[in-house]
Structure formats: structure tokens, C-alpha cells
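Here are a few exercises to work through with the model open in your viewer. Try each one before you read its solution.

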Amino acid sequence: MKKILVTGALGQIGSELVEALRERYGADSVVASDIKMLPASDVDGPFEFVDCTKLHQVREAVNRHQIDTIFHLAALLSAVGEEKPQVAWDVNMGGIYKVLEVARQSGCAVFFPSSIAAFGPTTPAVATPQDTIQRPTTIYGVTKVSGELLCDYYWQRFGVDTRGVRFPGLISHVAKPGGGTTDYAVEIFYEAIRNRRYRCGLGPDTRLDMMYMPDALRAVVEVMEAEPERLTHRNSFNVTAMNFTPEELAAEIRRHIPEFAMEYEINPELQKIADSWPDSIDDREARSQWGWAPEYDLESMTRDMLERLEDKLSHQ
Ligand code: NAD
Ligand code: AKB
């Protein structure tokens with residue numbers, strides 16, 4: 001990786017991935033891009049306006065900066081996707097197709113982040129295997145399975161070096177999440193610090209896999225740097241770090257903020273999506289093929305989130 005383009009770079013993952021990549025490969029080697037514009041005061045490296053659904057915009061950015069690797073983050077997430085399924089299809093499928101076409105023409109490698117949303121209600125729900133039934137019932141999930149297949153196709157048919165992971169819900173304190181079903185696991189920390197209470201849209205026993213952002217960033221870099229001979233899969237590796245319900249997360253927060261109160265006001269749309277996803281996934285293939293190992297569990301993530309968010313909010 002000598003020159004990198006990140007699409008959707010101003011979202012929850014991109015806000016931290018760009019910085020991590022710049023630290024690793026050099027500030028000028030990483031071009032951030034999005035359809036949102038960055039305030040001039042926040043620009044600390046190359047930035048381009050790139051709508052990933054416009055082939056010429058992706059191509060121009062790749063040519064102008066002689067890009068050899070694209071981290072394609074731009075997408076609509078699960079909750080927003082169900083509100084605007086047609087737009088979700090256009091952005092998620094249009095985006096990955098345009099990125100893959102430019103990658104094919106320009107010889108770029110591509111990172112594609114899939115999700116636990118690529119599974120559905122007929123998937124084995126506990127310790128979901130790497131290779132299993134994938135019949136998702138959300139438009140987001142449909143675009144994630146299709147994206148995984150398209151990435152595999154471009155590797156097998158055209159030799160484009162496509163790689164990816166299936167992320168669980170991601171927890172972070174830099175940028176707020178962008179409209180997913182697992183957003184509660186981030187919002188709860190803001191509310192616990194500010195108001196000592198949180199009203200959760202998912203039921204108390206909704207069990208899902210999650211991961212803290214530092215582990216997610218490492219997963220992205222490690223899968224892209226993995227020796228290709230070791231990879232029998234490419235798109236996309238199950239990766240996970242922790243597993244909990246809203247009630248268990250609230251209990252962990254209460255160890256630091258004893259007065260924290262959790263209420264439930266179930267959002268039927270969100271609950272339906274969460275119930276269609278696995279309770280837990282099996283990431284042994286990622287562990288054996290490229291050495292994946294998370295560092296944060298529920299306890300260490302909660303401690304770090306509260307410390308860092310308290311510091312951030314005290315300066316706002
Ligand atoms: P996000 O919603 O926070 O950010 C997405 C970014 O894409 C936004 O900055 C948005 O402006 C941009 N965007 C939207 N339409 C665009 C377009 N047409 N062209 C260019 N940019 C556009 O998302 P995120 O949480 O950072 O997720 C990034 C990727 O990781 C997505 O593909 C998502 O599906 C995947 N993922 C995220 C999670 C998670 O928990 N955050 C979990 C699994 C997979
Ligand atoms: C969402 O909830 O949509 C995302 C995801 C798990 O893909 N966080």
C-alpha cells in the first residue's frame with residue numbers, strides 16, 4: 001500500500017481509520033474522501049469530494065493521486081437503509097460496483113467492510129460459522145451479501161485483490177454512529193455521562209456481537225497486510241470481540257456510574273432488524289488465516305469509553 005483512498009471517510013469508522021492509516025503509511029499517502037465537506041480548520045491531509053456512486057469521480061481521485069488501495073467505507077447503515085431502501089441500494093451497490101470497476105481498470109486493491117447484517121433469520125444464530133446460510137431480510141444486509149459476492153467475483157474473474165471483514169456493532173468515541181441498529185451501544189455512553197440515564201430502543205435481552213474501534217482499525221490493517229497465500233477466504237471474514245445484551249452493558253456501566261438508570265422503549269423496526277441477526281459469530285477463520293485477535297472485552301472497552309468520553313465531553 002503506497003497510496004490510499006478512503007471513501008466515506010467522515011463517518012464513524014473513517015474518522016479514525018484515516019488517522020490510523022496516516023500514522024502507519026504517512027500523512028500524504030492517505031486521501032480521505034466523502035460527500036460531506038470537511039471544515040477547512042479540520043483538514044490535516046489530502047481530502048477529495050468523491051460520490052462513490054459516480055464512476056468518474058472515483059476514477060479522477062484514483063488517477064490524480066495514483067491510488068493503489070481503496071478502503072471503501074461509504075454506505076447507508078441498517079436503520080437508515082430501511083427508511084430509504086432505494087437510496088441504500090443505489091449507494092451501497094452502486095458504490096461498491098464503481099469502486100471495483102475503477103480498481104479493475106487501475107490495478108487497485110480494495111477493502112470492503114461487510115457486517116453481521118449479511119446474515120438473516122435462517123442463519124444459525126449462535127456461533128454463526130464463516131460459511132453458512134446468508135438470507136438477510138434488510139436492504140442493508142442484501143447489499144452486504146451482494147457486495148461480498150461481487151468482491152469475490154472481481155478477485156476470481158479479474159484478479160482484483162479484494163479483502164474484507166464482517167464487522168459486528170462498533171463502539172467508539174470520536175465520531176457518532178451513522179444510523180445503525182447497534183448505535184445504542186455508543187449512545188448509551190453519551191447519555192450515561194451527561195444524564196445518568198438512557199432509554200434503549202432494543203429490548204434488554206437482545207444479544208449481539210460488538211467490537212471497540214481500536215480493534216476494528218487493527219482488523220482492517222491486518223487483513224489488508226495479510227500474506228495472500230494464507231487466505232483461503234477473502235470476502236468477508238467473521239470478526240468479533242465481545243458479546244452482550246443492553247442489560248449486560250448497562251450493568252457494566254453501573255460498575256463505574258452506580259446511579260445509571262436504563263429504561264426500555266422498544267423500537268419495533270430496530271428490534272426486528274436486531275432479531276434477524278446472529279446472537280454471536282464464530283471468527284476462528286480470521287484467527288487462523290491472518291492471526292486476528294481482539295484486545296478489548298466488555299470490561300476494558302467500557303472503562304476506556306467512559307474515561308475518553310468524559311474527557312471529550314468536559315471540553316465541549
Ligand atoms: P457512517 O454512516 O458513519 O459513515 C458513512 C459515510 O459515508 C458518511 O460520512 C457519509 O457521508 C458517506 N457517504 C454516504 N453516501 C456516500 C456517497 N454516495 N459517496 C461517498 N460517501 C458517502 O458509516 P460507518 O459506521 O463509518 O461504516 C463504514 C462502513 O463500515 C460501511 O460500509 C458500514 O456498512 C460498515 N460497517 C460499519 C459498522 C459499524 O458498526 N459502524 C459495522 C459493520 C459494518
Ligand atoms: C448497523 O447496526 O447497521 C451497523 C452494522 C452492525 O453493520 N452497526
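**Exercise 1: a patch on the surface**

Work out which residues form a nonpolar patch on the surface, and about how much accessible area they have together.

Solution. The patch is formed by Ile 35, Met 37 and Phe 49, and together they have about 330 Å² of accessible area. Keep in mind that this is a predicted model. Now take Phe 49, which sits in strand S3. Its relative accessible area is 41%. Buried would need under 20% and exposed over 50%, so Phe 49 counts as partly exposed.

**Exercise 2: the sheet**

Find the order of the strands in the open sheet, then pick out the edge strands.

Solution. Start with the order: seven strands run S3-S2-S1-S4-S5-S6-S10, with parallel pairing. Next, look for strands that pair on one side only: these are S3 and S10 (237-238), the edge strands. Then zoom in on S1 and S4, which are joined in the parallel sense over four bridges. Follow Val 6 across to S4 and you land on its bridge partner, Phe 71.

**Exercise 3: one side of a helix**

Which residues of helix H2 are buried, and what covers them?

Solution. Scan residues 55-64 of H2, and you'll find Gln 57, Val 58, Ala 61 and Val 62 buried. They span an arc of only 130° around the axis, so they lie on the same side of H2. That fits a simple rule: an α-helix has 3.6 residues a turn, so residues three or four places apart point the same way. As for the cover, it includes strands S1 (4-7), S3 (47-49) and S4 (69-72), along with helix H4 (85-106). Finally, step past the end of H2 to Gln 66, where phi is positive, near 50°.

Terms used:
Residues are numbered from 1 along each chain as its sequence is written. Chains are lettered from A and ligands numbered from 1 in the order in which they are written. This is a predicted model: local features need pLDDT of at least 70, side-chain atom pairs count only at pLDDT 80 or more; totals for chains, interfaces and linings use all residues. Side-chain values use heavy atoms; hydrogens and water are left out. Buried means under 20% relative accessible area, exposed over 50%, partly exposed in between (1.4 Å probe, protein chains only). Helices (H or I, at least four residues) and strands (E, at least two) are DSSP runs, numbered from the N terminus. The arc is that of the directions from the helix axis to the C-beta atoms. Contact means heavy atoms within 4.5 Å. Patches are made of residues with over 30% relative accessible area and no salt bridge: like charges are joined within 9 Å, nonpolar side chains (Val, Leu, Ile, Met, Phe, Trp, Tyr) within 5 Å. Accessible areas come from the Shrake-Rupley method with a 1.4 Å probe; for residues, only the protein chains shown count as cover. A salt bridge is a side-chain nitrogen of Lys or Arg within 4 Å of a carboxyl oxygen of Asp or Glu. Two strands pair if DSSP finds at least two bridges between them.
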